[in-house]
Amino acid sequence: MTTDLVVGDDGNARCSWGASTPDYAEYHDIEWGRPVTDERTLFEKLCLEGFQSGLSWLTILRKREGFRAAFDNFDHSRVAHYDEADVERLLSDAAIVRHRGKIEATINNARALVTLHEGGRSLAELFWAHQPEQTGSPRSMADIPATTDQSKALARELKSCGFRFVGPTTAYAAMQAMGVVNDHLEGCWVRDQCS
């Protein structure tokens with residue numbers, strides 16, 4: 001029996017977290033777990049997962065447009081050229097999470113992505129190379145791990161390519177957000193769409 005599903009006013013069964021606020025419902029239904037291969041979107045998701053570390057994802061969702069404005073819509077080729085003046089500008093921007101380490105990691109990660117591209121590789125290729133074999137659907141939130149062997153391997157590879165703020169938990173959250181793994185619960189109305 002599947003637990004942790006909530007049926008909304010629209011009659012759709014959702015993962016419980018996806019029914020907790022309108023912001024989460026929209027993110028859950030439209031974006032989370034849907035496969036992504038676009039480099040800009042992948043870079044954005046990876047950066048936002050890094051900013052989320054230690055915070056609520058709802059905080060990041062509600063500041064998402066601020067992040068996009070502050071970081072040139074996550075155009076890595078532009079962010080890679082940010083300097084100390086940009087770091088100071090970002091540290092004074094209340095529309096984002098003002099954490100020096102995370103801001104500097106985002107700039108660093110843009111540079112790492114430029115280097116990855118110069119080497120003929122893509123972020124999509126790197127992420128999707130770590131897609132696990134999924135043999136079943138999680139039936140409750142307790143069935144969803146915080147890390148996996150694949151997310152640990154992905155974190156190691158990202159770090160070897162120069163990325164920062166990409167530990168195994170952040171890597172797994174990014175894998176979920178990008179659809180590399182499908183952790184929608186069994187019975188969730190969007191699970192099959194994300195497969």
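Is Trp17 buried or exposed? Trp17 is buried, with a relative accessible area of 19%; that counts as buried because the cut-off is under 20%. Please keep in mind that this is a predicted model.

## Aromatic pairs

Let's begin with the rings. Searching the whole structure turns up 9 aromatic pairs. One of them joins Trp17 to Tyr24 in an edge-to-face arrangement, with 5.6 Å centre to centre and 85 degrees between the planes. Like Trp17, its partner Tyr24 is buried, at 13% relative accessibility.

Another pair brings together Tyr27 and Trp57, whose ring centres are 5.6 Å apart. Their planes meet at 45 degrees, so this pair is tilted. Tyr27 belongs to helix H1 (residues 22-30) and Trp57 to helix H3 (residues 57-62), so the pair ties together parts that are 30 residues apart in sequence. Both of these residues, Tyr27 and Trp57, are buried.

## A cluster of rings

Some rings join up into a group. Phe43, Phe51, Phe67, Phe71, Phe74 and Tyr82 are linked into a cluster by ring pairs.

Tyr82 also has a charged companion: Arg89 lies over the face of the Tyr82 ring, 5.3 Å from the ring centre.

## Asn109 and its contacts

Now for a polar side chain. Asn109 sits in helix H7 (residues 100-118) and is buried, with a relative accessible area of 4%.

Which residues does Asn109 contact, leaving aside its neighbours within four places in sequence? They are Phe43, Gly162, Phe163 and Arg164. Phe43 is also a member of the ring cluster described above, so you can follow Asn109's contact with Phe43 straight to those rings.

Note on methods. Residues are numbered from 1 along each chain as its sequence is written. This is a predicted model: local features need pLDDT of at least 70, side-chain atom pairs count only at pLDDT 80 or more; totals for chains, interfaces and linings use all residues. Side-chain values use heavy atoms; hydrogens and water are left out. Rings of Phe, Tyr and Trp (its six-membered ring) pair if their centres lie within 6.5 Å; planes under 30 degrees apart count as stacked, over 60 as edge-to-face and the rest as tilted. Buried means under 20% relative accessible area, exposed over 50%, partly exposed in between (1.4 Å probe, protein chains only). Helices (H or I, at least four residues) and strands (E, at least two) are DSSP runs, numbered from the N terminus. A charge sits over a ring if NZ of Lys or CZ of Arg is within 6 Å of the ring centre and within 35 degrees of the ring normal. Contact means heavy atoms within 4.5 Å.
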